[in-house]
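Q: Please take a close look at one part of this protein, a single buried or exposed position, and then set it beside the interior and the open space of the model.

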Amino acid sequence: MARVPIDLRSDTLTQPTDGMRKAMATAEVGDDVYGEDPTVLALQERVAGLFGHEAALFTPTGSLANLLAVRSLVAPGQEVLCESSAHVARAELGAHGAVSGVTMRTWTSPRGQVDLAAISDLFAPDMGPFFVRTTAVSVENTHNFAGGAILPLADLEALRSWTSSVSVAVHLDGARIWNAHVATGTPLASYGAQADVLCVCFSKGLGAPVGSMLVGSEAAMTEARVWRKRLGAGMRQVGIVAAGAAYALEHHLERLAEDHQHARVLAEACGVDPAGVDTNIVVVHRPDAGAFVAAARDQGVLVSAVGPRTVRAVTHLGVSLADARRAAEVLAAL
Ligand SMILES: Cc1ncc(COP(=O)(O)O)c(C=O)c1O
């Protein structure tokens with residue numbers, strides 16, 4: 001019988017566990033557009049509290065959470081600054097421009113880091129009819145396309161201090177902030193304090209099938225709630241999926257450390273310095289990314305080409321240590 005492939009394409013590929021399915025099946029629900037779903041309300045309150053903010057709003061996807069977050073900070077015709085391989089710039093298909101009328105300018109950092117000198121060079125104050133005004137900076141922690149790199153808290157604090165001095169807001173794309181928290185021990189509230197609005201995902205390393213959240217002030221969430229409905233994402237008895245997210249937060253947070261360890265096993269095998277692998281994503285530079293991915297697939301290991309010369313492998317709760325070791329052997333041989 002053919003072996004089941006080891007799927008390292010993304011940490012979004014996890015299957016809900018039996019416990020999670022049970023929690024979802026038995027969730028107490030109500031109409032969330034009416035604000036009456038107790039499971040959603042409880043999760044929003046819990047997550048807002050974890051990050052030290054007033055309120056939170058459940059969304060189906062991280063992309064929608066980011067869209068609502070950025071538009072809550074940046075008006076049409078204004079700009080957000082972000083790193084050039086940030087998910088908001090690269091993988092949200094131009095939504096911030098197409099839907100919110102927001103423009104973007106970028107700085108480039110190989111590990112997706114905050115580069116305060118570059119950011120302050122890009123910054124444009126309000127100059128009336130002459131230049132697009134910068135009203136927010138967006139950072140991503142951990143940084144997906146930079147190989148799950150962590151942004152150090154000190155850098156985020158420095159950014160926060162500078163942005164405050166020029167009245168610019170901060171958006172944190174924390175789709176994988178959980179990984180940064182577990183890898184560094186930094187309290188979630190310390191990350192929360194560095195942003196006006198942040199987005200978190202339950203459907204990545206935490207392993208829920210669906211669900212993200214934006215977190216911020218009561219006023220921002222009230223407005224985002226209107227835009228969520230306007231964009232067609234007002235959900236009704238969505239406590240069924242929020243229960244999966246709540247279960248994931250309760251049961252799958254601390255285990256992210258295992259994914260980080262498995263990523264280091266892969267890194268070593270692929271000749272990537274494990275010290276540079278902060279969390280659950282390993283990026284391998286290959287001149288022949290497409291061919292490498294195809295050869296790995298033929299041997300039962302699924303990885304993805306995220307650029308012509310860039311291969312990505314991601315560990316998650318569906319990948320055991322034995323899987324990581326077997327995948328490491330295959331990748332090393334290639
Ligand atoms: C850093 C980051 N932000 C946002 C998203 C968007 O999440 P979703 O796929 O739920 O829209 C992703 C998805 O992988 C991501 O990696």
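A: Asp32 counts as buried because its relative accessibility is 0%, where buried means under 20% relative accessible area with a 1.4 Å probe and protein chains only. This is a predicted model, in which local features need pLDDT of at least 70, side-chain atom pairs count only at pLDDT 80 or more, and totals for chains, interfaces and linings use all residues. Residues are numbered from 1 along each chain as its sequence is written, and side-chain values use heavy atoms, with hydrogens and water left out.

Asp32 lies in the loop that runs between helix 1 (18-25) and helix 2 (38-50); helices are DSSP runs of H or I with at least four residues, numbered from the N terminus. Not counting residues up to four places away in sequence, Asp32 touches Asp37, Val40, Arg225, Arg228, Met235, Arg236 and Val238, a contact being heavy atoms within 4.5 Å.

As to the interior, the largest nonpolar core has 51 residues, of which Phe58, Val139, Trp178 and Phe202 touch the most other members. Such a core is a set of buried Ala, Val, Leu, Ile, Met, Phe, Trp, Tyr and Cys residues joined through side-chain atoms within 4.5 Å. Helix 11 (residues 239-251) gives the most to this core, namely seven residues. Val139, leaving aside neighbours within four places in sequence, is in contact with residues including Trp107, Val114, Leu151 and Asp173. A second, separate core of 23 residues includes Leu8, Val293, Val301 and Val311.

Technical notes. Buried means under 20% relative accessible area, exposed over 50%, partly exposed in between (1.4 Å probe, protein chains only). Helices (H or I, at least four residues) and strands (E, at least two) are DSSP runs, numbered from the N terminus.
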